[in-house]
Every structure is written in C-alpha cells, then in structure tokens.
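Trainee: Hi, have you got a few minutes to walk me through this one? I'd like the overall picture before we get to single residues.

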Amino acid sequence: MVFHYLQRLGAYTGYRGARFLGRNHSPLSSFSSETIIHAPEEKGYYLPPVTLDGQLERATGNFWRPLDEVVINAVETESTHTATILYKIDNVTVDNGFLYKGGNADYLSSLGPPKFEKPKHKTEGILCSSPAGSLYFGCWMYGDNLLDGIAKERDQYAIKVMPHKNYVHLPEANQILNLSDQYINQPTTFDHIYIIDDGGYNKNKVERIKNLRKLYQQSASSVKEKNRYVYLLRGKSANPRILSNEKEITDYLASCGFKIINPEHMTFGELADEISGCEIVLGVEGSQLTHGILGLKEGGFVIQLQPPYHFQPTDRPRCESVGVRWGYLVGFENDKGFEIPLDDVKKLLGKIL
C-alpha cells in the first residue's frame with residue numbers, strides 16, 4: 001500500500017509541478033490498450049443562427065480559443081459530428097479527484113492530493129466526470145451527464161467524482177434526470193477504465209440529450225400555467241459577465257410578457273416547472289441557460305446576450321441538434337462589463353415573436 005501511495009503522490013506532485021511551469025502532460029487516454037467506437041462520425045446541417053446584421057463584427061475575443069475558430073462555429077451550416085470513442089485504460093486508480101496509472105496522473109476535480117488509504121477494487125467502469133464538468137454547471141449538465149447515458153447503454157458502472165464547484169442543484173438534478181448519485185469518495189483501483197471522447201453531436205449523443213430533455217420536462221407540474229417567455233438571470237455565484245443595462249432590458253421584457261427568473265433562488269424542480277414548454281429563453285451567455293435548453297419546447301428559441309470579449313457559441317449544437325433554435329446579440333464593452341442596446345433586443349424579438 002505504501003509504495004502505491006507514494007507512487008500516486010509522486011505523480012500528483014509531478015502533475016502539479018508541470019502545470020505550474022506551463023508544461024503539457026500526456027492524458028491517460030494516450031495509454032489506451034483498446035479503442036472502441038461507440039457511435040460513428042456523421043455529417044450534419046444547422047440552420048443559420050438567429051441574430052441581426054453586424055453582430056459578429058462586435059466580437060473581440062474568447063477566453064479559451066482563437067476568435068476566428070469561434071466565429072466559424074457560430075456561422076457554419078455544415079458540420080462534421082465526430083465519432084463517440086471509448087479509450088480502454090488498464091489498471092487505473094481514482095483517488096481524490098485524480099486518475100493515476102503508474103507514475104502518471106490526470107486531473108478530474110481539484111479535491112486535493114491522494115489519500116493514504118488502501119484502494120478498493122472494482123473490475124471496470126466508464127468515466128462520467130470531466131475537468132470542465134467539475135468547474136462549470138453547463139459542462140456538467142451537457143457533458144458529464146451525457147456520459148452517464150453511455151454507461152447505461154453499455155451496462156457499465158458510472159465512475160463519478162464530485163465536482164470541485166458546489167452545484168446546489170446537483171442532488172435534485174441527479175434524481176430528476178435519473179443519473180447515478182454514487183460518487184467515488186475513497187481510493188478505488190479499476191482493472192479497466194473507459195475514458196470517452198464525446199465531442200461530436202452524432203445521432204447517439206442527440207438521443208441522450210433528448211432523453212435528458214424528456215425527463216426534465218416530464219418532472220414539471222402539469223397543473224401550473226406555463227410561461228411562454230423566460231429571462232434567466234446569471235446570478236452572483238457565476239463567473240462575472242456583467243450586463244450593465246440588464247434592468248433596462250428586463251423591465252422591457254417584463255412588459256412583453258417575459259417572466260424574470262433567478263435560478264439561484266429556486267430548486268431544480270421549481271425551475272423545471274417555470275421553464276418546461278416555454279417558447280423563448282433569453283439571458284446572458286452562461287451555464288444558467290442550460291435550464292432553458294432542457295426546458296424549451298421543440299421549435300423554441302434560446303437567445304444569448306454575449307459579452308464582446310467572450311463570444312461563445314458552445315450552446316449552438318446543443319440547441320440545434322434537438323430542434324431548438326439558437327441566436328445571439330453581441331454587446332459593447334464598458335467599464336462595468338458590457339451593454340446590449342435595447343433597440344437590438346426589440347429588433348431581434350420582432351423577428352421571432
């Protein structure tokens with residue numbers, strides 16, 4: 001036990017040191033003993049985004065990728081949906097938010113160094129947690145939870161690590177969406193782990209998204225009168241993307257019949273009651289709009305208010321692949337954050353109402 005603990009501790013220290021020095025590490029998927037295609041690559045088509053002329057010219061950057069790549073993702077109508085691939089890795093230990101294979105470590109969630117405990121043993125399972133899902137609710141909902149669907153399809157144990165961020169809606173979401181709630185909280189060694197590349201929106205992934213949407217909407221009260229239009233506030237716990245004239249916009253939207261909702265003040269089930277079956281969801285780009293993508297009726301619209309310094313079309317394939325239209329407006333940066341001209345909101349709603 002001591003040797004393997006020290007081996008994990010050395011791998012953890014090496015990983016942290018490499019990150020501090022800005023060096024890349026080899027992901028555990030590069031040590032795979034077998035590669036399995038769960039769903040094949042496909043060609044796809046998207047409708048053009050719902051927007052106004054001249055909006056893209058306002059975009060100035062993206063936090064994670066070159067802007068020219070992001071713009072292509074926002075406007076392309078033909079796309080290749082990559083295959084869903086499982087990488088089989090042998091003899092892997094999951095310990096306190098990291099994966100360990102020999103002297104190699106890979107990060108899942110920032111829970112800390114390895115524990116000085118003898119690992120439990122399991123035969124195999126499918127990894128259903130990711131670094132992005134441990135930090136961003138939207139990535140957890142539309143990334144990690146879709147991997148849970150693959151574990152069900154293959155009748156495999158879902159290997160899950162508690163996210164680094166505290167998602168207050170996580171326990172109820174697991175229950176409503178029929179997801180595994182068994183998180184690994186002590187060192188566990190697997191004979192085989194399957195790490196999944198699930199980036200493409202092929203038919204298999206689309207069916208898994210549809211299943212989440214179905215469960216979300218089925219959980220909503222059938223008694224409550226449905227809202228047709230919803231504005232979702234980003235909330236104070238999220239990374240700051242301050243819409244400086246949000247009150248001006250929400251006052252106008254309220255006068256048009258929009259219900260203004262703060263997800264931080266509601267349970268997951270209450271949000272499903274308010275959003276399920278609605279026709280338009282509007283809000284600042286971010287994870288809170290995940291509720292809208294789950295609840296919108298087919299043919300509905302997600303309209304994202306985008307800061308120019310972080311133009312992000314990640315939700316476009318999530319929406320368009322299941323028959324929900326995706327649109328956006330880009331604001332102007334100011335000393336408080338960014339501002340969306342109210343006239344732009346009026347013009348865009350005039351196109352879809």
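Trainee: How many of the contacts between residues at least 6 apart join residues at least 24 apart in sequence?
Mentor: Before the number, keep in mind that this is a predicted model. In the protein chain, 77% of the contacts between residues at least 6 apart in sequence join residues at least 24 apart.

Trainee: And which secondary structure elements are there, how many helices and strands?
Mentor: The protein chain has 10 helices and 16 strands.

Trainee: What about the radius of gyration?
Mentor: The protein chain has 21 Å, and that agrees with a compact globule, because 353 residues would give a value near 20 Å. The C-alpha trace spans about 65 × 45 × 40 Å along its principal axes.

Trainee: How much of the chain counts as buried?
Mentor: Of the 353 residues, 53% do. As for the outside, the accessible surface is about 16100 Å², with 51% of that belonging to carbon and sulfur atoms.

Trainee: Let me switch to charges. How many positive and negative side chains are there?
Mentor: There are 39 positive and 42 negative ones, and the centres of the two sets lie 3 Å apart.

Trainee: Okay, on to a single strand. Why is β13 described as largely enclosed?
Mentor: Strand β13 covers residues 301–306, and 6 of its 6 residues are buried, so the rest of the structure largely encloses it.

Trainee: Which way do its side chains point?
Mentor: F301, I303 and L305 point one way from β13, while V302, Q304 and Q306 point the other way. All of them are buried, the two glutamines included.

Trainee: Which strand is β13 joined to, and by how many bridges?
Mentor: That's β12, residues 280–284, which is joined to β13 by 5 bridges, and the two run parallel. If you want a spot to look at, V281 stands opposite V302 in β13.

Trainee: What comes just ahead of β13?
Mentor: There's a loop between α8 (290–295) and β13, and G299 is found in it. G299 is partly exposed, because its relative accessible area is 43%, and the cut-offs for that class are 20% and 50%.

Trainee: How far is G299 from Y309?
Mentor: They are 10 residues apart in sequence, and their C-alpha atoms are 29 Å apart in space.

Trainee: New topic: helix α7. Is it mostly covered or mostly uncovered?
Mentor: Mostly covered. In α7, residues 268–275, 7 of the 8 residues are buried. Among them are F268, L271 and I275, and also D273 and E274.

Trainee: What follows α7?
Mentor: G277 follows, with a positive phi near 85°. S276 also lies in the loop between α7 and β12.

Trainee: S276, buried or exposed?
Mentor: Buried, because its relative accessibility is 4%, which is under the 20% cut-off. Leaving out residues up to four places away in sequence, S276 touches Y216, Q217, A220, K226 and G295.

Trainee: And R228, how far is that from S276?
Mentor: The two are 48 residues apart along the chain, with their C-alpha atoms separated by 9.3 Å.

Trainee: Last one: which residue other than glycine has a positive phi near 55°?
Mentor: That would be N96, which sits in the loop between β4 (84–95) and β5 (98–101). Look at N178 too, which is not a glycine and has a positive phi of about 60°. N178 lies in the loop between α4 (170–176) and β9 (188–197).

Methods. Residues numbered from 1 in each chain as written. Predicted model: local features only at pLDDT ≥ 70, side-chain atom pairs only at ≥ 80, totals over all residues. Heavy atoms only, no water. Helix = DSSP H or I, 4+ residues; strand = E, 2+ residues; numbered from the N terminus. Rg over C-alpha atoms; globule rule 2.2 N^0.38 Å. Buried < 20%, exposed > 50% of the residue type's maximum accessible area, 1.4 Å probe, protein only. Contact = heavy atoms within 4.5 Å. Areas by Shrake-Rupley, 256 points an atom, 1.4 Å probe, with all protein chains shown as cover. Lys, Arg positive; Asp, Glu negative; His and termini not counted. Charge placed at Lys NZ, Arg CZ, Asp CG, Glu CD. Pairing = 2+ DSSP bridges.
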